[in-house]
Amino acid sequence: MSSNGHDQPLSLLQISSKAPIIKHFSPASQRSLLTRFAHTCTLIVRIRKFRDNILSSRRESTPAASSLPRTLEAFAEALTYEVHAFDRFVALKETDILRAHLQAGKSTPVSLLGLDNEFRLTYSSIFDDLVDIFDACFPNHKWLNVAGIRLVAKSSPSTLASRILDVIFEKIQERHAFGDNVTASFLLRVFMRTAEPSWQMLGRWLKDGIFMPMNYGASSKSSPLPAEFFIEFNELQLSDPDFWTDGFSLRSHVIHDNTSSDYEVPLFLKPLSEAILGAGKSIGFLRLLGHDITSQNRLLSSLSWPAFDVFLSEISRMETGIHDPDAILQQDLTTDKLTLLLSDHLLPICTESAAALKNVFFTHCDFPLHLERIEDVFLMKRLDVMADFCDILFNAVSGIEHRSCLSCLTLMRF
């Protein structure tokens with residue numbers, strides 16, 4: 001299968017001129033046989049064009065120009081892997097056809113119908129779904145040129161990253177519902193490779209907390225978090241009273257100029273996002289106090305955070321006894337199902353961090369004692385405490401001659 005080098009469908013005349021056509025087939029029969037091949041060639045050209053636009057943009061990016069989201073680059077790398085696999089498939093079929101008449105003592109039947117059937121069994125509707133994903137993530141065919149891709153990516157890297165993952169996973173569920181496990185398995189491989197950057201960012205967040213390394217794909221020098229991560233830094237100083245509540249939050253955007261907002265979190269992580277956000281804050285505070293936390297979770301320990309495909313393979317082995325992510329598809333893999341599988345391993349880390357922070361507060365810092373003293377002063381539970389507090393204030397200003405200050409302190413007696 002060859003292409004004309006442009007993003008235009010290949011005509012049957014072009015294919016017929018480059019491939020021997022069985023003469024006893026009528027033009028209508030030839031058109032019926034070759035239409036699918038022409039359509040597939042066109043899709044492959046478009047997929048390669050999209051991949052090349054992203055990879056070329058990465059090579060041409062400079063420190064002054066903003067780079068594309070790592071999730072988008074991982075998607076292009078996954079497409080590269082699958083396109084190369086398709087090229088190997090085509091090369092093997094071409095070799096089989098050329099060698100069919102060279103076999104001694106036997107002959108291998110070669111036909112366009114057989115080749116079309118083998119292609120359907122191997123690739124089903126994979127390439128159609130990939131182009132549909134491009135259109136869903138880049139409206140108005142903006143994925144056809146580098147400028148359009150950069151425009152969409154620059155508007156909101158986190159929205160684009162979440163959108164890509166959501167659309168791919170929706171396609172997985174759709175194909176699995178129709179019984180097309182060939183396409184579902186293919187898209188699952190693409191999904192795992194595309195989700196790898198977000199998965200590693202999540203691992204760093206649950207390991208380093210709010211103090212993620214500044215050089216880990218940060219969008220600017222003032223932000224310790226990548227622009228495509230679903231948690232954002234609100235540029236508050238550590239000394240700010242609201243730092244621990246508002247310094248870091250889930251990314252959101254306004255919908256249709258209203259006050260309502262939607263979190264820019266991938267759907268399969270959205271139910272866990274609040275717990276993940278809180279865990280990062282707790283872990284960051286513990287690290288600030290010099291109390292490091294090591295997760296007891298065997299699969300997701302802070303010392304060795306696995307790749308996403310390795311993690312899913314291990315989950316598949318635990319759930320089905322088969323060390324293959326495709327085995328998860330046998331259990332009707334939905335967004336809720338994947339969230340539940342992830343929660344079994346992510347939530348314990350969040351619980352451990354909260355328990356460790358509580359232990360530091362109540363055991364090492366005597367927080368209940370401090371809270372009790374504060375209540376005694378401001379709620380006047382014990383008058384002698386309030387009296388002692390006022391005596392300290394009077395002694396502190398004993399050298400002050402301003403009567404206004406003394407008058408204010410006198411009023412505190414009553």
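**Exercise 1.** Determine whether Glu73 is buried or exposed.

*Solution.* The relative accessible area of Glu73 is 7%. Buried means under 20%, exposed over 50%, and partly exposed in between, with a 1.4 Å probe and protein chains only as cover. Glu73 is therefore buried.

The model is predicted: local features need pLDDT of at least 70, side-chain atom pairs count only at pLDDT 80 or more, and totals for chains, interfaces and linings use all residues. Residues are numbered from 1 along each chain as its sequence is written, and side-chain values use heavy atoms, with hydrogens and water left out.

**Exercise 2.** Find what joins the side chains of Arg70 and Glu73, and how they are placed in helix H3.

*Solution.* Step one: the two side chains meet in a salt bridge, at 3.8 Å from N to O. A salt bridge is a side-chain nitrogen of Lys or Arg within 4 Å of a carboxyl oxygen of Asp or Glu. Step two: both residues belong to helix H3 (residues 70-99), and because they are three residues apart, about one helical turn separates them. Helices (H or I, at least four residues) and strands (E, at least two) are DSSP runs, numbered from the N terminus. Step three: Arg70 has 34% relative accessibility, so Arg70 counts as partly exposed.

**Exercise 3.** State how many salt bridges the whole structure holds, then locate the one between Arg36 and Asp116.

*Solution.* A search of the whole structure gives 16 salt bridges. In one of them, Arg36 and Asp116 meet at 3.7 Å, N to O. This pair links distant parts of the chain, 80 residues apart: Arg36 sits in helix H2 (residues 27-60) and Asp116 in helix H4 (residues 112-123). With 12% relative accessibility, Asp116 counts as buried.

**Exercise 4.** Describe the pair Arg251 and Glu232, then name the residues of a salt-bridge network.

*Solution.* The closest N and O atoms of Arg251 and Glu232 are 3.6 Å apart, in a salt bridge. Arg251 lies in the loop between strand E2 (248-250) and strand E3 (252-254), and Glu232 in strand E1 (residues 231-233), so the pair links distant parts of the chain, 19 residues apart. Arg251 is buried at 13% relative accessible area, while Glu232, at 21%, is partly exposed. Elsewhere, salt bridges with shared partners join Asp129, Asp132, Lys171 and Arg175 into one network.

**Exercise 5.** Locate Phe211 and name the patch that Phe211 belongs to.

*Solution.* Phe211 is in the loop between helix H8 (181-208) and E1. Its relative accessible area is 35%, so Phe211 is partly exposed. Phe211, Leu238 and Leu288 make up a nonpolar surface patch with about 250 Å² of accessible area together. Patches are made of residues with over 30% relative accessible area and no salt bridge; like charges are joined within 9 Å, nonpolar side chains (Val, Leu, Ile, Met, Phe, Trp, Tyr) within 5 Å. Accessible areas come from the Shrake-Rupley method with a 1.4 Å probe; for residues, only the protein chains shown count as cover.
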